[in-house]
Structure formats: C-alpha cells, structure tokens
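Student: Before we use labels such as buried, exposed or paired, could we go through the reasoning behind them one at a time?
Tutor: Yes, let us look at the model first and then set each value against its definition.

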Amino acid sequence: MTGRERVSRLLAGWLTIGALFPASPAAADDLRGALGAAYRSNPTLAAARAGQRATDESVPIARADGLPSLITTVTETEFVRQSPVSGTDLPRMLGASTTLNVPIYSGGGVRHAISAAKIRVGAGKDDLRSTEGTIFAQAVAAYLDVMRTEAIVRLNKAQVQTLEFDLSMTSDRFQIGDLTRTDVAQSQSRLAVARGNLRTAEANLVSARETYIQVIGEPAGVLESPPPLPDLPATVEEAVGYALDNNPDLSASRQRVKAAGHDVSSAKASRLPTVSLFADGNYTDYLNSLSYIGFVSGSVPQRYTAADVGVRATIPLFQGGRPAAQVRQAQAREDQAAETAIGTERQVIANARSAWATWAAANDVITSSQTAVDAAQLSLEGVRAENTVGNRTVLDILNAEQELVNAQVTLVTARRNAYVAGFNLLVTMGRAQARDLGFDKDAIYDPDAHYKRVKGTLWDWATDPKMGPTATRTVDTPAQTGSIP
C-alpha cells in the first residue's frame, strides 16, 4: 500500500454528519473543548456581555424619574461690597436648604420609559444569544479549517513522495533505454508542481491555525474528529419555520418594535400635566455678622429656619413645538424598527434556505466524491498495471495520480463544508447557544443574574468593582507553522 493509499483510507471517515455534542469531559483538542475555550475567552463575546450589563442599567435609570428625590444645598456667601442704600451690614452668610420631591403623576411617561427599557433588556439578551451563535460558528469553521488543511497538506506530502518515487523509477528506466527524455521531463514537471502545491497548502495551514488562535484563544493541537450534528430538518420549509420562531436576531428586532411603541407613548406624555409633592427646608446663619443700622447688634437674630410643603402641578402650555417633534421622531423610529424587523426576517429566511441547501449539496458531494475517490484509486492501480505491459504511458500514470489527489481534496472539502453548513443552519435556527452544546450548567454565563441584582437598586453609591478584561490575549502564542504531526 502506497503512502497516498494509506492517507486516503485514514481520511475516509474523519467527519460524519448525523444529537448535539454529548456530555463528555472537555479536552483542549476536541471540538467541544475548543467551543468552551472560545466561550470563556473570546473578546467579542466578552464585549457583548459587558454591553448587555450596560443595557440592564437602563431599567433603574428609567425608574429613577418616577421615584422621590432628596437634594441638599449648602452655600457660604461673602459679601465683598454692599449697596450704599442698604439698611443692613452683612459681611457673610451660611445657608442650607433641603428639597424633597415626590412625583405623583407624569402623564405615563415614566411608565412607558420603564417598559421600553425592560423590553430592550430582553432584546439585548437575544443579541447576546446571537453573538454566542456567531462565535460558535466561527469556532467550528476555524476548527474544521485546520483539520481540512492538515488533511490537504498530508495529501500533498504523500503526492510529493509518490512523485519522487515515480521520478526515480522513470530515471532508472530512462538509463536503460526503456523510457525517453520526455517521460523524465513529465515526471519532473509534475513533481515541481506538487512541491509548489505543498508549499501553498502549508501556507494555508498557517493561516488556518492563526485564525483558530484568533477565535478560540489558544493554538490548535492534534484535533479530534468532531462529533455528529443533531438531526437537522428534513426540508427547507421546516428549517425556515423553526428559524422564524427561534432565531435570536429576529426575536430581538421584534422586541425593539414593541419598545419603540412605548417610546412614542413616552414622548406624547411630555405634553401632559405632571403632579408632584414637595417639601422644602431652609436654614440660614449670618455667623453673628448681621446688623441693622440704628439697632443694637445683640438684638438682631443671627440665624433662622423655615419649612414648607405643598403640591405642584406643572401644565405645559407652549414648548416651541418640541413635544410634537419628539413624538414624530419616536414614530419615525418605530417605523424604522418595524422595517428593520422585516429586513431581519428576510435575512433569516435567506440564511436558513442557503445553509440548508449548502448542507444538502455538500452531503451529495460527499457521496459523489467518495465514489470518485474509489474509482480513481482503482483507475490508478489499473493504469500502473497496464503500464508494466506497455499499454499505458508515464503521463497516464501521472494523470491518474493527479485525479486521485483532486478527488481526495474534493472529498475532504465537502465533508468540511457539510459540517460547517449544518452548524450554520443550527445557528440560524437558534439551536447553537451554550445551553444547547452540553456545557456544564455552572459554566454558562447567566445574563439574568446581573439584571436581577441591579433592576431594583436604589442606593446612589451602589457600584460594582472595576473589572478587567476577561478575554485572553494571544500575544504570547507562538507563530504557527505549516508542519503537521
């Protein structure tokens, strides 16, 4: 068995298509381990989580407008020059005032602002799901690209070895007059081309390995064959229907339409009256410096306090057209959100149909390519046998060898394409989040935890400790090479 034949048989079952990643100990060099590494350390995903935490804060911010506020103001005043007609001598004064304001009615503006903020938190969670799926899809593609390119390097190395042997045999036969200089030149030409193809494949392997580091955060080791995919939809209509119900991008866009509707109601509230309770308290201390001209200084009060409570109703009568413009602006943004939702729906439909078609076609290509590999293998054996009796030329052998390599590369590529397309279909259908991949429950990021903690926070000084980046840097990883184990 030749080196190429051994490689061909090793490659024949490296990838299968078919219950999503079964629960098993995660290893650094299997697909589930690679996905776990990307989930923990990918900077795009870490940034999306931070963005969602920022979105969570919009709810307590909106709610604050409907809660009581308490403000104290302290002033110390030095009167450097007084009016010559003033009846007092007042060098300095210390004052303090406290105001309590309790909103009673705001036209529904605060209520709608809170509702819009809550809906956008939900949309943000869907955005985070979408980012997870995108990162996982990138990780799967990077993983399989390394496997595919390593396989192609092996095929090209085996071809170079075979062609070197062919050239040696051809040169020997030329020496004894059995072949011509043309036969030797043809073997030399094919060997030179094969060596060039090998260098190209090795360069592609460097690129694939660097992309793997970029997405997953660590170098690729000896990668294991990926596990089978779950049962994918039997028809494209089934794929599209599931995607329309579960795609996170579409869910987020639909929620933003609802939030925009609340924004319109909140803008309309700016034209309505507002009612609030208020209480003011004041303390003034002249620091024993106040005196009235003609009065005994000791008889003049030097400090006093005052307080008042009441109800304040604010009735907008004319605001220069600002409320109407704000309403129209909110309505236009609601229309924009609705149009964007339709655009997202179109994109989801197109992605589902495209991924399903690519997956189905790649599976067909796998079948035909396997047939081609088997046939090319038999053809090469026959051509070699016929060459020994003079019925085939050296060029026929070289062509048969090249056809076999081409068929093997096509097969490897089809298997990669089928798996990636199948996983992309899962992403489009909303079935490729961390909870779907068999991760340990404790390892899954919970966006609800932060929201539940902050949504009811009232204390002005409640802050989180500063967090550094959670994504890992790759500056210390070694530059990759095109060599294979």
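**The sheet and two residues**

Tutor: In this predicted model, 4 strands, in the order β1-β3-β4-β6, form an open sheet whose pairing is antiparallel. Neighbouring strands of this sheet are turned by 15° against each other on average, with direction ignored.

Student: What makes β1 and β6 the edge strands?

Tutor: Each of them, β1 (69-78) as well as β6, pairs on one side only.

Student: How do you know that β1 and β3 pair?

Tutor: Pairing requires at least two bridges between the strands, and β1 and strand β3 (residues 92-105) are joined in the antiparallel sense over 10 bridges, so the requirement is met. One of the bridge partnerships links E78 with R92 in β3.

Student: Why is V311 called exposed?

Tutor: V311, which lies in strand β6 (residues 303-314), has a relative accessible area of 59%, and because exposed means over 50%, the label applies. V311 also belongs to a nonpolar surface patch with I104, Y105, L272 and L277, and together these residues have about 460 Å² of accessible area.

Student: And why is T428 called buried?

Tutor: T428 has a relative accessible area of 9%, and since buried means under 20%, T428 falls in that class. T428 is placed in helix α10 (residues 394-428).

Student: Which residues does T428 touch, leaving out those up to four places away in sequence?

Tutor: T428 touches A243, N247, V348, N351 and A352, where touching means that heavy atoms lie within 4.5 Å.

Conventions
Residues are numbered from 1 along each chain as its sequence is written. This is a predicted model: local features need pLDDT of at least 70, side-chain atom pairs count only at pLDDT 80 or more; totals for chains, interfaces and linings use all residues. Side-chain values use heavy atoms; hydrogens and water are left out. Patches are made of residues with over 30% relative accessible area and no salt bridge: like charges are joined within 9 Å, nonpolar side chains (Val, Leu, Ile, Met, Phe, Trp, Tyr) within 5 Å. Accessible areas come from the Shrake-Rupley method with a 1.4 Å probe; for residues, only the protein chains shown count as cover. A salt bridge is a side-chain nitrogen of Lys or Arg within 4 Å of a carboxyl oxygen of Asp or Glu. Helices (H or I, at least four residues) and strands (E, at least two) are DSSP runs, numbered from the N terminus. Buried means under 20% relative accessible area, exposed over 50%, partly exposed in between (1.4 Å probe, protein chains only). Axes are lines fitted to C-alpha atoms, for helices over the stretch in contact, and angles run from 0 to 180 degrees between N-to-C directions.
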